[in-house]
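Please walk me through this structure in the viewer, telling me what to select at each stop and what is to be found there.

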Amino acid sequence: MEIKQTAENALSHSTVKAIINAPIEKVNIADWLFNLPDEEYQKCSTAHIAAGFTRTLAGEPMSINVETIGNALIIQHYVATEYRADYCRMLSVSDAITTNGRSKVQVLWELRATKLDDQTCEYTNEIHATATPEFFEFMKVHNISLTQAAHDRQIASDAHNHEETPLFAKSIEKKALTGSYGI
């Protein structure tokens, strides 16, 4: 069940954009994401450890991503709640592992392509992290305020998003133009 992000549970929100030098008609974000090779995912950020694709028991597409955000190892179980060529909405209740222990955060990842002209489009990579009830308990046990957790997560998430977004755009561009991966 999705947790609606509010001022009382927001950990971070980062939006980064990059240009894809390919016509929007050739771009297919869902196809790119659901077929993204592990090695290509790793090339898109120094913090990316592994990625794979599977399905939920109900048959919904799911991207499994392992990466570090700040000082946390994050295992994301992104279920596609909406997906098409120009937009994917991926929702995960992610495992967050730190030196203080393990908890869970909800991460909403939105990937979008918007036509700019006949030869280019804009790629938007938007990430929302939301505290779960388990994460609130984790903060309480470790005497961490939501303000501090949100501050730290915002800095780490935004830095990560600025690194991966232009490389995701280049990977999507190559897939659109050649049918193969590689940045």
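Begin with the cysteines: the structure holds zero disulfides, a disulfide being a pair of cysteine sulfur atoms within 2.5 Å. Select Cys 88 and Cys 121, and the reason is visible, because the sulfur of Cys 88 lies 14 Å from the closest cysteine sulfur, that of Cys 121, which is too far for a bond. Cys 88 is buried at 0% relative accessibility, and Cys 121 is likewise buried, with a relative accessible area of 0%; buried means under 20% relative accessible area, exposed over 50% and partly exposed in between, with a 1.4 Å probe and protein chains only.

This is a predicted model, in which local features need pLDDT of at least 70 and side-chain atom pairs count only at pLDDT 80 or more, while totals for chains, interfaces and linings use all residues. Residues are numbered from 1 along each chain as its sequence is written, and side-chain values use heavy atoms, with hydrogens and water left out.

Next, select Val 27, Met 90 and Leu 111, which touch the most other members of the largest nonpolar core, a set of 38 residues. Such a core consists of buried Ala, Val, Leu, Ile, Met, Phe, Trp, Tyr and Cys residues joined through side-chain atoms within 4.5 Å. Staying on Val 27 and leaving aside its neighbours within four places in sequence, you will find it in contact with Ile 20, Ala 22, Ala 85, Ala 113, Cys 121, Ile 172 and Ala 176, where contact means heavy atoms within 4.5 Å. A second, separate core has five residues, among them Ile 69, Ala 72, Ile 74 and Ala 156.

Now turn to the empty space by selecting Glu 67, Gln 76, Tyr 78, Ile 127 and Glu 164, which lie nearest the centre of the largest cavity among its 13 lining residues. A cavity is a set of points, on a 1 Å grid over the protein atoms alone, where a 1.4 Å probe fits but cannot get out, and lining residues have an atom within 4 Å of a point. The volume of this cavity is about 90 Å³, counted as the space filled by probe spheres set on the points, which are joined across faces, edges and corners.

Finally, select Leu 33, Phe 34, Leu 36, Ala 51, Gly 52, Phe 53, Ser 63 and Asn 65, which line the second largest cavity, a space of about 40 Å³.

Notes:
1 Å grid on protein atoms, 1.4 Å probe; cavity = no way out; pocket = protein on both sides within 12 Å on 5 of 7 lines; lining within 4 Å.
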